[in-house]
Amino acid sequence: MNTESATCGVCGRSVPLDQDHVTVDAETVRVRDRDEVDDYVLHTRCADSVFEGWRCPA
Ligand SMILES: [Zn+2]
């Protein structure tokens with residue numbers, strides 16, 4: 001049986017889904033059109049490097 005995996009949105013390598021990983025739903029909220037959701041899977045280390053310095057909205 002194959003281990004399920006996805007492609008990391010940052011480095012492009014395989015992310016085994018039975019190990020620690022980060023999922024991201026990037027929702028584009030449009031005022032005059034339908035919202036759009038992009039799903040991403042990231043290694044935790046890739047997510048750390050991408051999200052470093054980001055601020056919470058509130
Ligand atoms: Zn990665």
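The turns below ask how the labels used for this predicted model follow from their definitions.

Me: What kind of model is this, and how are residues numbered?
Reply: This is a predicted model, in which local features need pLDDT of at least 70 and side-chain atom pairs count only at pLDDT 80 or more, while totals for chains, interfaces and linings use all residues. Residues are numbered from 1 along each chain as its sequence is written.

Me: How many helices and strands does the chain have, and what makes a run of residues one or the other?
Reply: Helices (H or I, at least four residues) and strands (E, at least two) are DSSP runs, numbered from the N terminus. The chain has 1 helix and 4 strands. Their order from the N terminus is β-β-β-β-α.

Me: Why is the chain called more spread out than a compact globule?
Reply: The radius of gyration is taken over C-alpha atoms, and the globule rule is 2.2 Å times the number of residues to the power 0.38. For 58 residues the rule gives 10 Å, and the chain has 14 Å, well over that, so the chain is more spread out than a compact globule. Along the principal axes, the C-alpha atoms fill a box of roughly 45 × 30 × 20 Å.

Me: What makes a residue buried, and what percentage of the chain is buried?
Reply: A residue is buried if 20 or more other C-beta atoms lie within 10 Å of its own, exposed if 12 or fewer, and partly exposed in between; C-beta atoms are placed from the backbone. Buried residues make up 10% of the 58 residues. In strand E3 (residues 21–28), the count of buried residues among its 8 residues is 0, and the strand is hardly covered.

Me: Why is Gly 12 called exposed?
Reply: Gly 12 has 8 C-beta neighbours inside 10 Å, so Gly 12 counts as exposed. Gly 12 lies in the loop between E1 and strand E2 (14–16).

Me: Why is Thr 7 called partly exposed?
Reply: Thr 7, in strand E1 (residues 5–7), has 13 C-beta neighbours inside 10 Å and therefore counts as partly exposed. Ser 14, in strand E2, is also given 13 other C-beta atoms within 10 Å, so Ser 14 is partly exposed.

Me: Why is Val 41 called partly exposed?
Reply: Val 41 is in strand E4. Val 41 has 19 C-beta neighbours inside 10 Å, so Val 41 counts as partly exposed.

Me: How do you know which residues Thr 7 touches?
Reply: Two residues are in contact if their C-beta atoms, placed from the backbone, lie within 7 Å. Not counting residues up to four places away in sequence, Thr 7 touches Gly 12, Ser 14 and Val 15. With the same exclusion, Ser 14 touches Ser 5 and Thr 7. The contacts of Val 41, again leaving aside neighbours within four places, include Ala 6, Val 15 and Thr 23.

Me: What percentage of contacts join residues at least 24 apart?
Reply: Among contacts between residues at least 6 apart in sequence, the value is 35%.

Me: How do you know that E3 and strand E4 pair?
Reply: Two strands pair if DSSP finds at least two bridges between them. E3 and strand E4 (residues 36–43) are joined by 8 bridges and run antiparallel. One of the partners in E4 is Tyr 40, bridged to Val 24. Tyr 40 is also 33 residues from Thr 7 in sequence, with 8.4 Å between their C-alpha atoms.
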